[in-house]
Amino acid sequence: MHLRWIELRDFRNHAHTYLDPLPERGLMVAVGPNGEGKTNLLEGVHFLYALESPRASASEPLVRRGAEAGYVRGEFQTLGGKVLVEVEVRARGANRVQVGRSPIRRKRDLRKQVRSVLFGPFDLPIVTGDPSRRRAFMDEAVTALVPASDTLTSSYERVVRQRNRLLKEHDGRGIPRDLETWDEQLVKTGSAVIEAREAAVREVTPGASEAFEDVAGYGLLVRYAPNVAASDDVAETFRAQLAARQADELQRRTSLVGPHRDDLELAVRDLGARGFASHGETWVAALSLRLGLADAIARAIGEPPIVIADDPYSALDPIRRDRVAARLAARDGQVMISVADDADVPVAATQVWDLHAGAVSVRG
């Protein structure tokens, strides 16, 4: 899989950027001082797959000042053929997405056809933040590997909200009416989330651990830590834990059992990465999780996804920086990165893009 060409118009600070053709494989490097549009360019590439930004929850910041809408267009080449993706990013109102000149209703309709994996400084909270950030990463991995699973977590969360409302409105006498019904819904939707997360982490772990050890020289432990830890029948274990915690839930009026309390255990040198990893180790751990996800996707679909890394070297010492550069350059398929200093452009780069005020020029 590779991106054949990309066009950005009024996207972030890019008035009009058009790169055609792009190398089918190899390391592409966006270089330029801070604030010139390197991250925006890589964000545009990823937007063609994700249809959302990792840095903004709304579309308005994505549209260049003074414009009413921005446009991102590009064509992927996959094992299944060419996939043309066109997105109108509206400052107000819903974005318009077309794949092959036809509108799509669901993100999964696109994600079944193309894949990209994005790393950036916004990933550090996966390692250092609260468990919700690691749950979000696991759910992202689930969707990337099996796009049809994109509603598992949202379906479960709806049940949790309804069940919590029932517990909060309970007058404190006896067991709330309909609690048994909501318990079964919680078990049904929650078991599906647990099984999907467990499978996704199992696929991501080998590549993540290998990438971390290759760069750091020692291992990274990656382990799913489910709130409902079942050795055999997840649903039966879930029911048993609900029964055991029922009195506590009635007293605290909230759901205390289920995957909304899951975590992803990360450890370096037998110590929890969240509390004990150095900044450099945290950086490499977050990058390694993304590379592990890219490896898992490649196995699942039979071709490597596009890998995008925004400023992957900034927190690393020279030795680890060189190891990361070598590992990225050695990957199959397209790899796109950004660097602020020309000295950080790897010698193995296939193509270099110079950026200035949202304008891109291709070296050579």
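**Notebook: strand β13 and the α4–α6 contact**

I looked up strand β13 (residues 334–339) and found that six of its six residues are buried (under 20% relative accessible area with a 1.4 Å probe, protein chains only), so β13 is largely enclosed by the rest of the structure. I note that this is a predicted model, in which local features need pLDDT of at least 70, side-chain atom pairs count only at pLDDT 80 or more, and totals for chains, interfaces and linings use all residues. Residues are numbered from 1 along each chain as its sequence is written, and side-chain values use heavy atoms, with hydrogens and water left out.

I then went through the faces of β13: Gln 334, Met 336 and Ser 338 are buried on one side, and Val 335, Ile 337 and Val 339 are buried on the other. In a regular strand the side chains alternate between the two faces of the sheet.

Next I checked the neighbours, counting strands as paired if DSSP finds at least two bridges between them. Strand β3 (residues 26–31) runs parallel to β13 and is joined to it by six bridges, with Gln 334 as the bridge partner of Gly 26. Strand β12 (residues 306–309) is also parallel to β13, through three bridges, and Ile 308 stands opposite Met 336. From β12 the chain passes through helix α10 (residues 318–329) to β13 in a right-handed β-α-β crossover (clockwise from the first strand over the helix to the second, with the strands pointing away from the viewer).

Last, I looked at helices α4 (residues 131–145) and α6 (residues 179–216), whose axes come within 9 Å and cross at roughly 85°.

Notes:
Axes are lines fitted to C-alpha atoms, for helices over the stretch in contact, and angles run from 0 to 180 degrees between N-to-C directions. Helices (H or I, at least four residues) and strands (E, at least two) are DSSP runs, numbered from the N terminus. Buried means under 20% relative accessible area, exposed over 50%, partly exposed in between (1.4 Å probe, protein chains only).
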